[in-house]
Amino acid sequence: MRKTLHLEKTIYGQNDLTVPEAPQIALAGRSNVGKSSLLNRLAGRKQLAKTSSTPGKTQSINLYRVDPSGYYLVDLPGYGYARRSKEERARWAKLIERYLTGNERLQGVAVLIDCRLPPQQSDLDMVGWLRAEGVPVLGVLTKADKCTQRDRQAQKARWAALLGGQAPVLFSSVSGMGFEELWRLFDQAVGL
Ligand code: GTP
Ligand code: MG
């Protein structure tokens, strides 16, 4: 059955940090890597999540309910965006950390990586931190339409090594590459 996504809750700060009693998969990655675009592609709706060519677009934690599956995909603000004040970055990091650690219904975090770039320190830190927290990591290489076949394979192998042998999904919000594979991965992560 075709899945639909609905924005059900937006978390702006510690005060609204309550989460649904349902399985959740969060999308993490550096600013501009394509988290919100990926959600729109999965939803088949161009404007569901706001996207921008300027990094730092998503500034809140947005929970999208997946129907009829009954779990949530959670769009997070990107990390590694240098043009914000130090205080602001620290506040976000804290909010995201609290969401990711204090959440028993979190079944996995999809870490999105631009397929054109080698592993960045911030991505390695994120993967390392999630592993230490015992949260399953799902690797996704974004903007696959911008990569040559050769780059795709090289990046896939590189990330598979860093992800403990698990090959990342190659995804493109432009072409739809990886659509079915990613849904399967998410369904599997929540036990469907
Ligand atoms: P933040 O909310 O700032 O953390 O960014 P984000 O990770 O949500 O990125 P967003 O989805 O807003 O996309 C950033 C830019 O990349 C936009 O200009 C998108 O159009 C572009 N983009 C996203 N996915 C793809 C893709 O698969 N292929 C191409 N060519 N461009 C993409
Ligand atoms: Mg975004």
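Helices and strands are DSSP runs, helices of at least four residues and strands of at least two, numbered from the N terminus. The exercises below use a predicted model.

**Exercise 1. Place glycine 102 in the fold, and decide whether glycine 102 is buried or exposed.**

Solution.
- Step 1: Glycine 102 sits in the loop that joins α2 (86-101) and β5 (106-114).
- Step 2: A residue counts as exposed when its relative accessible area is over 50%.
- Step 3: Glycine 102 has 65% relative accessibility, so this residue is exposed.
- Step 4: For a distance in space, take glutamine 14: the two C-alpha atoms are 12 Å apart, while 88 residues separate glycine 102 and glutamine 14 in sequence.

**Exercise 2. Find how many aromatic pairs the structure has, and classify the geometry.**

Solution.
- Step 1: Searching the whole structure gives 1 aromatic pair.
- Step 2: The ring centres of tryptophan 183 and phenylalanine 186 are 6.3 Å apart. The cut-off for a pair is within 6.5 Å.
- Step 3: The ring planes stand at 90°, so the pair is edge-to-face; that class needs planes over 60 degrees apart.
- Step 4: Both residues belong to helix α5 (residues 179-189), and because they are 3 residues apart, about one helical turn separates them.
- Step 5: An α-helix has 3.6 residues a turn, so residues three or four places apart point the same way.

**Exercise 3. Decide whether tryptophan 183 and phenylalanine 186 are buried or exposed, and describe what surrounds them in α5.**

Solution.
- Step 1: Buried means under 20% relative accessible area.
- Step 2: Tryptophan 183, at 6%, is buried. Phenylalanine 186, at 0%, is buried too.
- Step 3: The buried residues of α5 also include Leu182, Leu185 and Asp187.
- Step 4: Lysine 3 lies over the face of tryptophan 183, 5.3 Å from the ring centre.
- Step 5: Just after α5 comes glycine 191, with a positive phi of about 85°.

**Exercise 4. Describe the surroundings of ligand 1: which residues are closest, and which backbone atoms lie by its oxygen atoms?**

Solution.
- Step 1: Ligand 1 is surrounded by 21 residues, the closest being Lys35, Ser37, Gly56, Asp145 and Ser173.
- Step 2: Sorted by class, the shell holds 3 nonpolar, 13 polar and 5 charged residues.
- Step 3: Polar backbone atoms lie at these distances from an oxygen atom of ligand 1: 2.7 Å for glycine 56, 2.9 Å for lysine 57 and 2.8 Å for serine 173.
- Step 4: Ligand 1 taken alone exposes 660 Å², and the protein buries 87% of that area.

**Exercise 5. Work through the backbone at asparagine 32, lysine 143 and proline 68.**

Solution.
- Step 1: Start from the general rule. Most residues other than glycine have a negative phi, and most peptide bonds are trans.
- Step 2: Asparagine 32 is not a glycine, yet has a positive phi of about 80°. Asparagine 32 is in the loop between β2 (24-29) and α1 (35-43), and is partly exposed at 33% relative accessibility.
- Step 3: Lysine 143, also not a glycine, has a positive phi of about 60°. Lysine 143 is in the loop between β6 (137-142) and α4 (149-162), and its relative accessible area of 24% makes it partly exposed.
- Step 4: Between aspartate 67 and proline 68 the peptide bond is cis, with omega near 0°. Proline 68 is in the loop between β3 (61-67) and β4 (71-75).

Note on methods
Residues numbered from 1 in each chain as written. Chains lettered and ligands numbered in written order. Predicted model: local features only at pLDDT ≥ 70, side-chain atom pairs only at ≥ 80, totals over all residues. Heavy atoms only, no water. Phe/Tyr/Trp six-rings, centres within 6.5 Å; stacked < 30°, edge-to-face > 60°. Buried < 20%, exposed > 50% of the residue type's maximum accessible area, 1.4 Å probe, protein only. Lys NZ or Arg CZ within 6 Å of the ring centre and 35° of its normal. Near = heavy atom within 4 Å. Polar contact = N/O pair within 3.5 Å; in protein donor to acceptor, adjacent residues only side chain to side chain. Areas by Shrake-Rupley, 256 points an atom, 1.4 Å probe, with all protein chains shown as cover. Nonpolar A, V, L, I, M, F, W, Y, C, P; charged D, E, K, R; others polar.
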